[in-house]
Amino acid sequence: MVRPFESRSVCYALLLLSGVAGCASHADSSDESAAVQEASNGNAELRALDDCEPTSFGALCNPAFHGGTTLAAFQAELAARMSVGKWKWSSAVNTHPGSPVNLVSRGGETHTFTIVKNFGGGRVPALNTASGNPVPAPECLQPESATNITITSGVTKTITTGNGGTLAPGHYKGQCCIHPWMRTEIDVR
Ligand SMILES: [Cu+2]
């Protein structure tokens, strides 16, 4: 479920950072596959991390989040390094077929976890350009699905694995389609 505030945040992210109009399709992509379930405890965990400072990030950042990186500092680091170190996934994840992976937001911004064939850019042209990923990964341009999952601040979502699950045994690349340098991998075997 995407609450109105979160939908607006994504729109503001797109508008503020890229000037892209027409957020409606993204904001409306609230349908979740039955395979994306509410969290349960004890699963392998993949954490989306950021450090947004709510006052300077405004609607992009959960006002209750205690991040310390101002929007100006974020933009300066991005310009200097083509990435921002505190915007990252916790680690790669190994799991066994049948054992789910929890996607856990530990940040204040909205992220996506999107399975891609090849890492690439995302949905925000300005961030694609600034991070040196001018060509979007095609999976990032698709609607919300079991393998293209929006993760708003504070939420946990679960990816199932194994027979009948979202991820069959194999090796997967996952990235954030808002911050394209946020990349990780999941191994199911
Ligand atoms: Cu992100």
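In this predicted model, strands β6 (residues 111-116) and β7 are antiparallel partners, joined by four bridges. Within this pair, Asn148 of β7 lies opposite Thr114. Strand β7 covers residues 148-151 and is buried on both faces: Asn148 and Thr150 point to one side, Ile149 and Ile151 to the other. In general, side chains of a regular strand alternate between the two faces of the sheet.

The β6 and β7 strands belong to an open sheet of five strands with mixed pairing, ordered β4-β10-β9-β6-β7. Its edges are β4 (93-95) and β7, each of which pairs on one side only. Ignoring direction, the average turn between neighbouring strands of this sheet is 20 degrees. At the β4 end, β4 and β10 run parallel and share three bridges; Val93 has Ile186 of β10 as its bridge partner.

Two of the strand pairs compare as follows.

| Pair | Sense | Bridges | Opposed residues |
|---|---|---|---|
| β6 and β7 | antiparallel | four | Thr114 and Asn148 |
| β4 and β10 | parallel | three | Val93 and Ile186 |

Ile186 also appears in the largest nonpolar core, which holds 28 residues; Ile186, Leu46, Val101 and Leu103 touch the most other members. Two or more residues of this core come from each of β2 (44-49), β5 (101-105), β6, β7 and β10 (183-188). The largest contribution is that of β5, with three residues. Nonpolar side chains tend to be buried together in soluble globular proteins.

Leaving aside residues up to four places away in sequence, Leu46 touches Trp89, Ser90, Val93, Val101, Leu103, Val104 and Thr184.

Technical notes: Residues numbered from 1 in each chain as written. Predicted model: local features only at pLDDT ≥ 70, side-chain atom pairs only at ≥ 80, totals over all residues. Buried ≥ 20, exposed ≤ 12 C-beta atoms within 10 Å, placed from the backbone. Pairing = 2+ DSSP bridges. Core = buried A, V, L, I, M, F, W, Y, C linked by C-beta atoms within 7 Å. Contact = placed C-beta atoms within 7 Å. Axes fitted to C-alpha atoms, helices over the stretch in contact; angles between N-to-C directions.
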